[in-house]
Amino acid sequence: MGITPWLGNSFHDWEFTPWLGNSFHDWGLTPGTGICSLAEVSPPVWGSHPWLGSHPSGRDATRAFATGDFTASGLVDDVSALSPQELLSIQGWLSFYNDNYEPVGKLVGRFYDENGAPTEALREAEAAIEEALKSQAESEQRKQQFPPCNSEWSSAKGTRFWCSTQSGGVSRAWAGVPRKLHRPGSRGSHCVCVRSTGPPWGHPPSSQHSDRGDLDNPHLQEYEGCPALAEQCVLPG
């Protein structure tokens, strides 16, 4: 079965009548969602849901699956102003539907033209999602290199930072030592655990190095008053 563009609400003209009425329950789809022409997965049916209300599922509500706004004003297809994290939420839904359902049609509108060809809006959305995925991967890599410290505060002792082989939710063979990490282009700093032995991040073990791990990274700063190689640091106040 080919992918056929669906024009407006004219799904009654389709030959694919198994998707009409209540038979869409056989596909395991949530009534009335109308999700995502981006994924080409929305069969043309009508439905209702206690928190979605009644609306044609042929309506592209892509944005709502990122914002959680399923009111009439939120059930729209414009994703141009979404944050990278919201775009990743959409990507998660796309992956879910692509993994579990066969595409059945393309909704003519913002993302596809009358011939089922991608529009510039779709290309822009896909590029933005790719950029968000790239940023997410880079963030995860930074977290592997510099896992966040454990921390606690009390009025009596002040703030304590410490590192362990599980701190920051990153399981690893080394604990590291606390350091301030300053990110280029961002204000402030936060505590991360830094490997203090072996080669710097990204260098093979066989390479020549000073056996200081990432301690010499220019974006790191020691906490004043804390021993340089201690696995914990207590700051008064």
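**Helix α3 and Glu 140**

Reader: Which residues of α3 are buried?
Author: Leu 122, Ala 125, Ile 129, Ala 132 and Gln 145. Buried means under 20% relative accessible area, exposed over 50%, and partly exposed in between (1.4 Å probe, protein chains only). The model is predicted: local features need pLDDT of at least 70 and side-chain atom pairs 80 or more, while totals for chains, interfaces and linings use all residues. Residues are numbered from 1 along each chain as its sequence is written, and side-chain values use heavy atoms, without hydrogens and water.

Reader: What covers the buried residues of α3?
Author: The cover includes α2 (84-100) and β8 (190-194).

Reader: Why is Glu 140 called partly exposed?
Author: Its relative accessible area is 39%, which lies between the 20% and 50% limits, so the label follows. Glu 140 sits in helix α3 (residues 120-145); helices are DSSP runs of H or I, at least four residues, and strands are runs of E, at least two, numbered from the N terminus.

Reader: What makes the pair Glu 140 and Gln 144 a polar contact?
Author: Their side chains meet at 2.9 Å. The limit is 3.5 Å between N or O atoms, one able to donate a hydrogen and the other to accept it; residues adjacent in sequence count only if both atoms are side-chain atoms.

Reader: How do you know that the length of α3 agrees with its residue count?
Author: The expected span is 1.5 Å times one less than the number of residues. For 26 residues that gives 38 Å, and the end C-alpha atoms are 37 Å apart, so the two agree.

Key
Contact means heavy atoms within 4.5 Å.
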